[in-house]
There are 2 protein chains.
Amino acid sequence: MKLYGKNPVIERLKSNPKSIKRVMIDENHVDLTYIRKKCHQHGIGVQAVPHSKIQRLAQNLNTQGILADIDDFAYVQFDDLLQNAFEKRRTPVFLDNLNDPQNLGGIIRTCGALGVFDIVLPTTESVSVTESVLRVACGGENYLSVARVANIGNAIEKAKKMGFWILGTVVEDAVSLTEQKLQFPLGLVMGSEEKGVRDIILKKLDAKVMVPMKNQRMSLNVAHATSILCYEIVRQKKLRRLTPRSLPWISLLKQGF
Amino acid sequence: MKLYGKNPVIERLKSNPKSIKRVMIDENHVDLTYIRKKCHQHGIGVQAVPHSKIQRLAQNLNTQGILADIDDFAYVQFDDLLQNAFEKRRTPVFLDNLNDPQNLGGIIRTCGALGVFDIVLPTTESVSVTESVLRVACGGENYLSVARVANIGNAIEKAKKMGFWILGTVVEDAVSLTEQKLQFPLGLVMGSEEKGVRDIILKKLDAKVMVPMKNQRMSLNVAHATSILCYEIVRQKKLRRLTPRSLPWISLLKQGF
């Protein structure tokens, strides 16, 4: 598997150098000293190659002069992901039939940066963690686990049995996200780009929310919607931690009212 | 200028049909009846053309079998945008040297859907509203104004003089977005993909915030960060409307504490 672009490679060098087999640098690039130094520290071979070779290997995408050979992406078992999420109060994000690598990459980047999310993908009719996904994820994959499951509905049921409260996003007939009090531990379900969350999955949700939009005819991009949802989850989690139920006025002070 | 893809063309037909000169449909596509009907209603010519022609005109990007010839994008004057934003309590979003069309498109889509934002771009060293941007924006451009200014710093100064409170996003040494009480009318500043908000602009901000991330080494994509910021702006605006300052306990009830 190949990883390309400055940020993705630098982030991988910092957080998971063992997964890098070798690094190729465009021989015309002189500003990659930091990467050379890091590779040397970790005993990773660095090869200076002609620009044309890098471009060919990266199928002409923008590599910023750098490309790394890395281990195949390591998915985890769903049961392990769920157990860990439960213990560490992380939120599994169930992506119901996503098909655009750009969207999955964007979601992994935000979820990795926010740092308290993991990803669950179906094995069929869904994008998986490919090279294009990693390029967009910019290193986010180093800060979360991804599991693949045969049946996303069954996976959600399993999470519910364990005590997760399941939240899903829809485009109509639901409470505004700004007014929904979230429950923890929480699992989040996001639907596909074209069809949203499927009916069979909708039935399993403990709560449905909408991002409050003035123009209901429009729709949000699923990766942007996921970023908004994940931010709101982090926000309410912080608020909850700061606000014991017996002292609700603290939340007012914290919010400056 | 060309617009391609089912959603962008449908949205344009609904909200701004006059800007469409003619529509070309892939002759093999039979499921575009709705679009044909709408075009007929508005007196817009529809032409069935071979798949290969559509692909050539769209430079092989995914057109979903449809392409429209439209008027060039109509920017507005910055002064008009500002006046309108002030009167209607909209938030101008100043994008300081963005260079990726995908990001500008994503921002226009979210801002258009949320419905209370406008966009300000610098004329130089910045992406403008191109065909690629419109493809990603999915019709968001119909629900906001975009102005271009020679100097983004001067534009921000002008907004401040008018009474706008200017919020900017940085990656360190700032208050968490979850703890910042926003002031209205509000202007938002977002920096470029590589460099963030420039120093010269930082000095003009009334407040700096960070999206709370557990992994500080990571960074968010600028379009995703903008979506999160815009959501928080909408959330606090709603909360403020619901909560007269004299009755802060209402906010607790509304939030379910």
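Is A:Tyr75 buried, exposed or partly exposed, and what is its relative accessible area? A:Tyr75 is partly exposed, with a value of 25%. Keep in mind from the start that this is a predicted model. With that said, welcome to the structure, beginning with its aromatic rings.

## Aromatic pairs

Searching the whole structure over all chains turns up seven aromatic pairs. One of them joins A:Phe73 to A:Tyr75: the ring centres are 5.1 Å apart and the planes stand at 80 degrees, so this pair is edge-to-face. A:Phe73 counts as buried, at 14% relative accessibility, while its partner A:Tyr75 is partly exposed.

A further pair brings A:Tyr231 together with B:Tyr231. Their ring centres lie 6.3 Å apart with the planes at 75 degrees, and because an angle over 60 degrees counts as edge-to-face, this pair is edge-to-face too. It crosses between chains: A:Tyr231 belongs to helix H9 (residues 222-242) of chain A, and B:Tyr231 to helix H9 (residues 222-242) of chain B. Both tyrosines, A:Tyr231 and B:Tyr231, are buried.

## Charges over rings

Now look for arginines placed over aromatic rings. In chain A, A:Arg89 lies over the face of A:Phe86, at 5.5 Å from the ring centre. In chain B, the charged end of B:Arg89 sits over the ring of B:Phe86, and here the distance to the centre is 5.4 Å.

## How the two copies are related

Next, step back to view both chains. A turn of 180 degrees, with a shift of 0.0 Å along the axis, lays chain A on chain B with an RMSD of 0.0 Å. The two copies are thus related as by a two-fold rotation axis. The same surface serves both copies, since 100% of the contact residues of chain A recur in chain B.

## A mixed sheet in chain A

In chain A, look for an open sheet of four strands, in the order E1-E4-E2-E3, with mixed pairing. At its edges are strand E1 (2-4) and strand E3 (45-49) of chain A, each of which pairs on one side only. Direction ignored, neighbouring strands of this sheet are turned by 25 degrees against each other on average. Strand E2 (residues 20-26) of chain A pairs with E3(A) in the parallel sense, over five bridges. A:Asp26, for instance, has A:Val49 in E3(A) as its bridge partner.

Two helices of chain A can be followed across these strands. Helix H1 (residues 6-15) of chain A lies across E1, E2 and strand E4 (66-70) of chain A, and runs at about 115 degrees to E1(A). Helix H2 (residues 33-41) of chain A lies across E2, E3 and E4 of chain A, at about 155 degrees to E2(A).

## A parallel sheet in chain B

Chain B offers an open sheet of seven strands, with parallel pairing and the order E7-E6-E5-E10-E8-E11-E9. Its edge strands are strand E7 (146-149) and strand E9 (175-176) of chain B, and each pairs on one side only.

Within chain B, strand E8 (residues 165-169) and strand E10 (residues 186-190) run parallel and are joined by four bridges. There, B:Trp165 stands opposite B:Leu186 in E10(B). Helix H5 (residues 101-114) of chain B packs on the sheet, where it touches strand E5 (91-95) and strand E6 (117-122) of chain B; the helix direction makes about 155 degrees with that of E6(B).

Notes
Residues numbered from 1 in each chain as written. Chains lettered and ligands numbered in written order. Predicted model: local features only at pLDDT ≥ 70, side-chain atom pairs only at ≥ 80, totals over all residues. Heavy atoms only, no water. Phe/Tyr/Trp six-rings, centres within 6.5 Å; stacked < 30°, edge-to-face > 60°. Buried < 20%, exposed > 50% of the residue type's maximum accessible area, 1.4 Å probe, protein only. Lys NZ or Arg CZ within 6 Å of the ring centre and 35° of its normal. Least-squares fit on C-alpha atoms with pLDDT ≥ 70 in both. Contact = heavy atoms within 4.5 Å. Pairing = 2+ DSSP bridges. Axes fitted to C-alpha atoms, helices over the stretch in contact; angles between N-to-C directions.
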